[in-house]
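Q: Could you walk me through how to read a few features of a protein model, one at a time?
A: Gladly. Let us open the structure and begin.

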Amino acid sequence: MPKNSKVVKRELDDEVIESVKDLLSNEDSSDDAFKKSELMVDDREEKDVDVEEGSDVEDERPAWNSKLQYILAQVGFSVGLGNVWRFPYLCQKNGGGAYLVPYLILLLIIGIPLFFLELAVGQRIRRGSIGVWNYISPKLGGIGFASCVVCFFVALYYNVIIGWSLFYFSQSFQHPLPWDQCPLVKNSSHTFVEPECEKSSATTYYWYREALNISSSLSESGGLNWKMTICLLAAWVMVCLAMIKGIQSSGKIMYFSSLFPYVVLLCFLIRGLLLNGSVDGIRHMFTPKLEIMLEPKVWREAATQVFFALGLGFGGVIAFSSYNKRDNNCHFDAVLVSFINFFTSVLATLVVFAVLGFKANIINEKCVIQNSEKILKLLKMGNLSQDMIPHHINFSSITAEDYNLVYDIIQKVKEEEFDSLGLKSCQIEDELNKAVQGTGLAFIAFTEAMTHFPASPFWSVMFFLMLVNLGLGSMFGTIEGIITPIVDTFKVRKEILTVICCLVAFFIGLIFVQRSGNYFVTMFDDYSATLPLLIVVILENIAVIRIYGIDKFMEDLKDMLGFSPSQYYYYMWKYVSPFVLLCLLVASIVQMGLSPPGYNAWIEDTATEEFHSYPTWGMIVCISLMVLAILPVPIVFMVRHCNLIDDSSGSLASVSYKRGRIIKEPVNLEGDSTSLIHGKSPSEVPSPNFGKNIYRKQTGSPTLDTAPNGRYGIGYLMADMPDMPESDL
């Protein structure tokens, strides 16, 4: 309540409790006592202060130590492994530099507006995802539960990737690196190169055989890979220790986990630009292919990347922003974090293609040497005439340009029988056009390039430490999207919940460290998040704009920020973003229907990947992942719509207020148009009955405005009181 306001005169009926009446009527005479008092809708389940039983000490909701710490947390959550191994692949595949145009357009249309929306609702209501959507509409409370389920699914396999990175990090303290050369096999008579490695490459063999020890199909479990099991346990221990105290512990770690990847990326960029052939990679990367930009597929993939790059729908964004002060400028935060994310992706793309350009040059040099030897053999055998070869060509030190000249001459002269000669063109562009993403980029292509670096163990340690930090930053936000809503809703101890969550996730995650675990990672990555998160964000947009009310939301933003947000956001939220999201949802469903469900299995005999369709039980698991992720939405809607659960003692949707600041909203007010405030001051009754009215509006008094969702909200009532300073709201 305001500290210096006039006495609010209200006529009270017989149900008013005397102590409250005296408190209100004697405000002037006991002003000091009144200033220290609190008007609070009591609900022990969820309020802005945690009062331990039998204690008068109130622990305020945790807050960030500084604005920098908060920004780093949001950056760490949004900037993840996808910026390093997904964005460069999409940029290369979808028109090079031209891909940046649709990406930036979609960042402005759906990325920043929806990111701003999540930041604003978290900061306004100061709750995790469950509490936020319960407050806006109890019937849509399932949105928050769905976000938690998706976060849990993603955390299960995302931490496995951190475990892989930890394994490679631990193996990088060797010279030469263990994936530098193919291993030798000895038998009774002689020593030879491992056949599986000889057919593929040293880095590919190390990844599939030494690291994963992968099986040949999803159905072939092969038992646990003990090395990866230990790494997975280490990853979950790190996450648990970092998150056990909430933002008090994870916030401090953000200074390292969020900033260190930028140090590594800058070091790699400087080192990469000094490598032979790096300019070829960067030039290839940013050469725009404008015709590709017009394809609908490019826009769909750009929209999907924008959507997931910012972590929309996970609940982590809402959870982090809920620890902010109510007057924090979340609009500035949304724009800043979004563009930091974008420029990080561009920086990572420069690094990746500088290194891949260097790798392509090395492979191209080997190709030129091997094919030059073939030409010499053909000349000796008489299949080619010496007259074809220009006089200045020296095969002992032939350059790529000279080889291409000889290749073109032979192709023209021996046009009919050229294919039988078995010569390759050896073009750098051919190597750079081989699109690599995900684990193939990080654990195969990049590791191979680093074997050619001077002081390769140092760069390998730096690279995988960077991957661990990128992964941990995203994991903190993902786990926060699970922990914060549950703690806010059910008032469990955060330390206990964090330990239980990490233990359960570790034991379930053992399916990912079987020999067939990589195939399950692919399954979860493809099916557990994409469609459910799109549906979640669409419902978030509808809940705020249609149910809460776009006009009221804009007023709230003006109250929080101290200025009116641009009308640009009004039209984006109300019209453009929902339309684009629906189009993206339909396109994703169509794409999923057209793409055969399956995975790439590693075949040991041929040392190649082979596409396999999911078995029947695998398809059931894929469908179950999508259904389970979105199932809380209809379940909660039906439970609340049909009143299947009694909320008379307080519920997840209830909210109390302290000094004009939203804490918890009263529930069960529909059907009781005279009900204003429920509960008693904690100082009056140790265990108040939430459902009992303390005082009511007098019959015939002016009708009070209701919240946009049709329920009374004290926040709105207090805002309409006369002589109330706006700063106290």
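**Reading the features one by one**

A: Helix 10 is followed by N213, and the phi of N213 is positive, near 45°. Keep in mind as we go that this is a predicted model.

Q: How many of the 10 residues of helix 10 are buried?
A: A residue is called buried when its relative accessible area is under 20%. In helix 10 (residues 202-211), nine of the 10 residues meet that, so the helix is largely enclosed by the rest of the structure. The buried ones are A202, T203, T204, Y205, Y206, W207, Y208, R209 and A211.

Q: What covers the buried residues of helix 10?
A: The cover includes four helices and two strands by name: helix 8, helix 9, helix 11 (226-243), helix 20 (438-450), strand 5 (598-603) and strand 6 (608-613).

Q: Let us turn to cysteines. How many disulfides are there?
A: The general idea is that a disulfide is a covalent bond between the sulfur atoms of two cysteines. Here the count comes to two disulfides. With bonded cysteines counted along the chain, their pattern is 1-2, 3-4.

Q: Which cysteine is joined to C182, and what is the handedness of the link?
A: C182 is joined to C197, with an S to S distance of 1.9 Å. The torsion about their S-S bond is about -80°, so this disulfide is left-handed. The pair links distant parts of the chain, 15 residues apart: C182 lies in the loop between helix 8 (142-171) and strand 3 (184-186), while C197 is in helix 9 (residues 195-199). As for exposure, C182 counts as partly exposed at 24% relative accessibility, whereas C197 is buried at 1%.

Q: And which cysteine does C367 pair with?
A: The partner of C367 is C426, and their sulfurs are 1.9 Å apart. This link is left-handed too, with -75° about the S-S bond. Distant parts of the chain are linked here as well, 59 residues apart: C367 sits in helix 17 (residues 330-381), and C426 in the loop between helix 18 (400-413) and helix 19 (428-432). C367 is buried, with a relative accessible area of 15%, and C426 is buried at 6%.

Q: Why is there no bond from C151 to C148?
A: Distance settles this one. The closest cysteine sulfur to that of C151 is in C148, 6.4 Å away, which is too far for a bond. C151 is also buried, with a relative accessible area of 0%. For contrast in exposure, C267 counts as partly exposed, at 30%.

Q: How should I read a database annotation? Where does UniProt place the feature "binding site"?
A: Take such a label as coming from the record, then look at where its positions fall in space. The UniProt entry, which is unreviewed, places "binding site" at G76, V79, N83, N341, L470 and S474. These positions span 399 residues in sequence, yet no two of their C-alpha atoms are more than 12.5 Å apart, so they gather at one spot. Among them, G76, V79 and L470 are included in the lining of the second largest cavity.

Q: What does N341 touch, and is N341 buried or exposed?
A: N341 is in helix 17 and is buried, with a relative accessible area of 1%. Beyond residues up to four places away in sequence, N341 touches S78, V79, N83, Y103, A309 and L310. The N341 side chain reaches the backbone oxygen of A309 at 3.0 Å.

Q: What is S474 in contact with?
A: S474, found in helix 21 (residues 456-490), is buried at 7% relative accessible area. Leaving aside neighbours within four places in sequence, S474 is in contact with G76, F77, V79, G80 and Y158. A polar atom of the S474 side chain lies 3.3 Å from the backbone oxygen of F77.

Q: Let us try one more serine. Where is S258, and which residues is S258 in contact with?
A: S258 belongs to helix 12 (residues 247-273) and is buried, with a relative accessible area of 4%. Its contacts, apart from neighbours within four places in sequence, are L72 and G76. The backbone oxygen of L72 lies 2.8 Å from a polar atom of the S258 side chain. The C-alpha atoms of S258 and G80 are separated by 9.6 Å, although these residues are 178 apart along the chain.

Note on methods:
Residues numbered from 1 in each chain as written. Predicted model: local features only at pLDDT ≥ 70, side-chain atom pairs only at ≥ 80, totals over all residues. Heavy atoms only, no water. Buried < 20%, exposed > 50% of the residue type's maximum accessible area, 1.4 Å probe, protein only. Contact = heavy atoms within 4.5 Å. Polar contact = N/O pair within 3.5 Å; in protein donor to acceptor, adjacent residues only side chain to side chain. Disulfide = S-S within 2.5 Å. UniProt positions renumbered as here; feature names shortened; annotations may be inferred. 1 Å grid on protein atoms, 1.4 Å probe; cavity = no way out; pocket = protein on both sides within 12 Å on 5 of 7 lines; lining within 4 Å.
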